[in-house]
Amino acid sequence: MENSFTNPFSSDFSMTSLERVLKNGANGTDDIENEKAVTHKKREIIIRGVLSVTVISAEDLPIVDLMGKADPYVVLTMKKSELKNKTRVVNDSLNPVWNQTFDFVVEDGLHDMLILEVWDHDTFGKDYMGRCILTLTRVILEGEYKDCLPLEGAKSGKLNINLKWMPQPIFRDS
């Protein structure tokens, strides 16, 4: 074509990034390089261990039922494995003390999360009070720490916890 339009079918027309991926593979390399890339794939680091969670207490929990009291308990969930535990119910308290410890075997500590949900136990069901969501990075790096965490999705309330990480050795045949 002799005018100002570019011929999209000419060999010197540049490809879009999507076309390049489709033609050359996901890594932008040709097929021979792509085979090498697969054989030299990076190993992901998997950190296994036991996470020990002590739910110490809560402070200033929000009032969620009509009586102005609460019978709180905490549900602990590991996100990836969906393992769950829960504390006992402490009756008539907005500042409950549990001092309960739970151990979770964690297969992939860098990619897992701990969810702590606080609930109010009622005769006819339960009321959600708030939650804390934690990655395990800090406890893996520090080994153990104690923290006071604000409850998400609540007007007030804090959860006092202690986390401890015990790495599990991974044995490989040599």
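Biologist: Leaving aside neighbours within four places in sequence, which residues is Leu51 in contact with?
Modeller: The model is predicted. Leu51 is one of the residues with the most contacts inside the largest nonpolar core. Beyond its sequence neighbours within four places, the residues in contact with Leu51 are Met78, Phe102, Asp103, Phe104, Val106, Leu114, Leu136, Val139, Leu163, Lys164 and Trp165.

Biologist: How many residues does the largest nonpolar core have?
Modeller: The elements that give two or more residues to this core include strand S1 (49-59), strand S5 (113-122) and helix H3 (137-142). Leu51, Leu114, Leu116 and Leu159 have the most contacts inside the core. The count for this core is 30 residues.

Biologist: Which are the edge strands of the open sheet with the order S4-S1-S8-S7?
Modeller: This sheet has 4 strands with antiparallel pairing. Its neighbouring strands are turned by 20° against each other on average, direction ignored. An edge strand pairs on one side only, and that applies to S4 and S7.

Biologist: Which residue in S8 does Asp147 stand opposite?
Modeller: S7 and S8 pair over 7 bridges. The sense of that pairing is antiparallel. Opposite Asp147 in S8 stands Ile161.

Biologist: In the open sheet ordered S3-S2-S5-S6, why is one side of S3 and of S6 left without a neighbour?
Modeller: This sheet also has 4 strands and antiparallel pairing. Its twist averages 20° from one strand to the next. Strand S3 (84-86) and S6 stand at the edges, so one side of each has no neighbour in the sheet: each has a single partner strand.

Biologist: Which residue in S5 is the bridge partner of Thr77?
Modeller: S2 and S5 run antiparallel and are joined by 7 bridges. For Thr77, the bridge partner in S5 is Ile115.

Biologist: Are the rings of Trp119 and Tyr128 stacked or edge-to-face?
Modeller: A search of the whole structure finds 1 aromatic pair. The ring centres of Trp119 and Tyr128 are 5.3 Å apart, and their planes stand at 70°. Planes over 60 degrees apart meet the criterion, so the pair is edge-to-face.

Biologist: Does Trp119 count as buried or exposed?
Modeller: The charged end of Lys126 sits over the ring of Trp119, 4.6 Å from its centre. Tyr128, at 35% relative accessibility, counts as partly exposed. Trp119 has 15% relative accessibility, and the limit is under 20%, so Trp119 counts as buried.

Biologist: How far from the centre of the Tyr145 ring is the charged end of Arg138?
Modeller: The charged end of Arg138 sits over this ring. Its separation from the ring centre is 3.7 Å.

Terms used:
Residues are numbered from 1 along each chain as its sequence is written. This is a predicted model: local features need pLDDT of at least 70, side-chain atom pairs count only at pLDDT 80 or more; totals for chains, interfaces and linings use all residues. Side-chain values use heavy atoms; hydrogens and water are left out. A nonpolar core is a set of buried Ala, Val, Leu, Ile, Met, Phe, Trp, Tyr and Cys residues joined through side-chain atoms within 4.5 Å. Buried means under 20% relative accessible area, exposed over 50%, partly exposed in between (1.4 Å probe, protein chains only). Contact means heavy atoms within 4.5 Å. Two strands pair if DSSP finds at least two bridges between them. Axes are lines fitted to C-alpha atoms, for helices over the stretch in contact, and angles run from 0 to 180 degrees between N-to-C directions. Rings of Phe, Tyr and Trp (its six-membered ring) pair if their centres lie within 6.5 Å; planes under 30 degrees apart count as stacked, over 60 as edge-to-face and the rest as tilted. A charge sits over a ring if NZ of Lys or CZ of Arg is within 6 Å of the ring centre and within 35 degrees of the ring normal.
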